[in-house]
Amino acid sequence: MNTVYIGYDPKEETAYQVLKFSLERISSKNIRVVPIRKNIVELMGLYRRESEMIDGQPYDVIDGRPFSTEFSFTRFLVPALMNFKGWALFCDCDFIFLSDVADLIKNVDESKAVYCVQHDYTPKEKHKMDGKIQTIYPRKNWSSCVLWNCGHPANALITPKIASNETGAFLHRFQWLPDNLIGEFPIEWNWLEGEYDKPDTPPAVIHYTNGGPWFKECQHVDYAQEWLDALAEANG
């Protein structure tokens, strides 16, 4: 695995840049970091999903449910972007890596179609820091960081057409896969700030799921300093 796709939203450009920097500065292998930009995959003809604005919140037309970022569904283009070959990692932009991403692929089982942290929690907050509604659903945040076995036969189903037209429940809950094809990472590889108690030692990957230090209101969340230090180093 040498490709990492990051969900990109123009309003979180700084978050994307810091995540990219954190991945590259500590990786023991050469990695290719690629943003998935909604306007680009639309121009490529890979994606077209209708949404509408209701009271300042985007709603998915297929689901009739709110979503908060441009990459809510474009993440499911990863197998197609990889030409259904090899392994690739996807993660949301509101992450920071404190450990080598190469460690994620040690001892992976080729029989698994995806790997993720299998969270089991209910969000504490009803709204995210940017004011967007915090949607609650089973397997929430499983799809926020996924190691894809892009060439797995089961993932051949996840075509651009499916990413553009299937329900959020089908996609985000990996409903095209039997449970035995979903591999599990330890929780420290997608540690949810504000949802889990702060551990004695920093986790491998911090996910600022309720809002990160790029928001003025989130300057004092757990591990804010690690993010701010990475920002300073990236700009240095």
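This passage describes strands, a pocket and salt bridges in a predicted model.

The model is predicted, and local features therein need pLDDT of at least 70, side-chain atom pairs count only at pLDDT 80 or more, and totals for chains, interfaces and linings use all residues. Residues are numbered from 1 along each chain as its sequence is written, and side-chain values use heavy atoms, with hydrogens and water left out.

A good place to begin is strand S1, which spans residues 3–7. Helices (H or I, at least four residues) and strands (E, at least two) are DSSP runs, numbered from the N terminus. Five of the five residues of S1 are buried, so this strand is largely enclosed by the rest of the structure. Here buried means under 20% relative accessible area, exposed means over 50%, and partly exposed lies in between, with a 1.4 Å probe and protein chains only. The burial involves both faces of S1: Thr-3, Tyr-5 and Gly-7 are buried on one side, and Val-4 and Ile-6 on the other.

Strand S1 has two parallel partners to consider, S2 and S6. Two strands pair if DSSP finds at least two bridges between them. Five bridges connect S1 with strand S2 (residues 32–36), and the two run parallel. Within this pairing, Thr-3 stands opposite Arg-32, while Ile-6 has Pro-35 as its bridge partner. Three bridges connect S1 with strand S6 (residues 87–91), again in parallel, and Val-4 stands opposite Leu-89 there. Together with helix H1 (residues 13–26), S1 and S2 make a right-handed β-α-β unit. A crossover is right-handed if, with the strands pointing away from the viewer, the path from the first strand over the helix to the second runs clockwise.

Another sheet is built from three strands; this open sheet has the order S3-S4-S5 and antiparallel pairing. Its edge strands are S3 (51–54) and S5 (65–66), each of which pairs on one side only. Four bridges join S3 to S4 (residues 57–60) in antiparallel fashion, and Ser-51 stands opposite Asp-60 of S4.

Ser-51 also leads to the second largest pocket, as one of the residues nearest the pocket centre, along with Lys-38, Phe-67, Thr-69 and Glu-70. On a 1 Å grid over the protein atoms alone, a cavity is a set of points where a 1.4 Å probe fits but cannot get out, whereas a pocket is an open set with protein on both sides within 12 Å along at least five of seven lines; lining residues have an atom within 4 Å of a point. The second largest pocket holds about 210 Å³ of space, where grid points are joined across faces, edges and corners, and a volume is the space filled by probe spheres set on the points. In total, 16 residues line this pocket, with S3 and S4 each supplying at least two of them. By class, the lining comprises five nonpolar, four polar and seven charged residues. Ala, Val, Leu, Ile, Met, Phe, Trp, Tyr, Cys and Pro count as nonpolar, Asp, Glu, Lys and Arg as charged, and the others, Gly among them, as polar.

Turning to charge pairs, the whole structure contains nine salt bridges, each being a side-chain nitrogen of Lys or Arg within 4 Å of a carboxyl oxygen of Asp or Glu. In one of them Lys-11 pairs with Asp-9, with the closest N and O atoms 2.8 Å apart. Lys-11 is partly exposed, with a relative accessible area of 45%, whereas Asp-9 is buried at 4%.

The pocket residue Lys-38 forms a salt bridge with Glu-42, the closest N and O atoms being 2.8 Å apart. Because these residues are four apart in helix H2 (residues 38–43), about one helical turn separates Lys-38 and Glu-42. Lys-38 is partly exposed, with a relative accessible area of 23%, and Glu-42 is buried at 18%.

The side chains of Asp-60 and Arg-49 also meet in a salt bridge, at 2.7 Å from N to O. This pair links distant parts of the chain, 11 residues apart: Asp-60 lies in S4, and Arg-49 in the loop between H2 and S3. Both Asp-60 and Arg-49 are buried. Elsewhere, salt bridges with shared partners join Lys-38, Glu-42 and Arg-48 into one network.

Finally, Trp-142 is found in the loop between strand S8 (114–116) and strand S9 (145–149). Trp-142 is buried, with a relative accessible area of 8%. The C-alpha atoms of Trp-142 and His-119 are 6.3 Å apart, although these residues are 23 apart along the chain.
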